[in-house]
Amino acid sequence: MKKTVLKFLMKLGLYPHIRFTYSPFKIVEFGEMVERAKFRGDERALDIGCGDGLQTFLFGQHVDHITGIDVNSSFIADARSYATSYTHKANADFEDSPLEKIGYPANHFDLIFSVCVIEHIDNHEEVLRECLRIMKPGARIIFTVDTLETIDDKALLEKHRAAHHVVRYFRKDTLAELLTEMGFEVLETQNLFRSELARKLFVQGINEGFNFGRLRCTSLARELAAAEAETALDAPGTFLLAVARKPES
Ligand SMILES: C[S@@+](CC[C@H](N)C(=O)[O-])C[C@H]1O[C@@H](n2cnc3c(N)ncnc32)[C@H](O)[C@@H]1O
């Protein structure tokens, strides 16, 4: 959809909506993250790897201020342009820089989000360490990463890795260990998209693209959420969601 139309819809408060992603995975994933955010409304938040800012604006509706950062300057140019039409709904700004180059003050943020980004970053340990430094004591980080544990086919995995520039796939236990070693208090690590339906749709996404169509997307998201609710929580997943806290002292 054209940017001018999107900006007009933003002024009316109709855009962004999570359903504009065209992917049922994004809709369910976003819901899982928001559910865990337990917003107070006065937070200073950060969204790492924000793309063109769609999720940043949606998170931003619940906090006092949110900054989205991304290394892709054309995404950030779009996000900044959208932000001018969205000041009535969210207080958001954007930076086109890797996190560790920005140099935020220590103990600065109450909440950090990152949606499917850390698996694309070469120096992910440096980035997570920087997150810990700039989080206030007691602040939380909520992020998702790819695991693709449900995909056995090595050729398909390689196709996904190459197409989406994945540096590494994560695992629940090793991610929890890494966060703990760094000094985070791990509150939760949860595999997402564990169901057979999720596996089938994800395989379709790898082969045909993750645009499932705007109308079909919403009903697929409902089916996905229902299938997840019926699948054991400790089953292997396609994504992994982590929630961790900076200890108070
Ligand atoms: C798979 S996309 C996810 C975008 C968005 N969060 C979403 O879920 O739709 C990964 C994003 O991470 C960004 N990215 C990659 N490396 C990064 C880094 N070191 N710092 C910040 N963003 C990065 C990419 O430019 C891209 O926008």
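This is a short tour of a predicted model, going from the paired strands to the ligand and then to three helices and a loop.

**Strands 1 to 3**

Start by selecting strand 2, residues 65–69. Four of its five residues are buried, leaving the strand mostly covered.

Add strand 1, residues 44–48, to the selection. The two strands are parallel, and five bridges pair them. To see one pairing, pick Leu46 and look across to Thr67, its bridge partner in strand 2. Now show helix 3, residues 54–60, as well. Together with strand 1 and strand 2, helix 3 forms a β-α-β unit that is right-handed.

Next select strand 3, residues 92–95. Strand 3 also runs parallel to strand 2, and four bridges join the pair. Here Gly68 is the residue to pick, with Phe94 of strand 3 opposite. Follow the chain from strand 2 into helix 4, residues 73–83, and on to strand 3: this β-α-β crossover is right-handed.

**Around the ligand**

Select the ligand and the 17 residues around it. Which of them come nearest? They are Gly49, Gly51, Asn72, Val115 and Val117. Colouring the shell by residue class gives 11 nonpolar residues, five polar and one charged.

**Helix 6**

Move to helix 6, residues 124–134, and pick out its buried residues: Leu128, Cys131 and Ile134. Looking down the axis, they cover an arc of only 130°, so they lie on the same side of helix 6. To find what these residues pack against, show strand 4 (109–115), strand 5 (135–146) and helix 8 (172–182).

**Helix 7 and the loop after it**

Select helix 7, residues 154–163. Is this helix largely buried or in the open? Of its 10 residues the number buried is one, so helix 7 lies largely in the open.

Continue into the loop between helix 7 and helix 8, where His164 is found. His164 has 13 other C-beta atoms within 10 Å, and is therefore partly exposed; a buried residue would need 20 or more. Now pick Ile206 together with His164. The two are 42 residues apart in sequence, and their C-alpha atoms are 9.6 Å apart in space.

End the tour at His165, which follows helix 7. Check the backbone here: the phi of His165 is positive, near 50°.

Key:
Residues are numbered from 1 along each chain as its sequence is written. This is a predicted model: local features need pLDDT of at least 70, side-chain atom pairs count only at pLDDT 80 or more; totals for chains, interfaces and linings use all residues. A residue is buried if 20 or more other C-beta atoms lie within 10 Å of its own, exposed if 12 or fewer, and partly exposed in between; C-beta atoms are placed from the backbone. The arc is that of the directions from the helix axis to the C-beta atoms. Two residues are in contact if their C-beta atoms, placed from the backbone, lie within 7 Å. Two strands pair if DSSP finds at least two bridges between them. A crossover is right-handed if, with the strands pointing away from the viewer, the path from the first strand over the helix to the second runs clockwise. A residue is near a molecule or strand if its C-beta atom, placed from the backbone, lies within 6 Å of it. Ala, Val, Leu, Ile, Met, Phe, Trp, Tyr, Cys and Pro count as nonpolar, Asp, Glu, Lys and Arg as charged, and the others, Gly among them, as polar.
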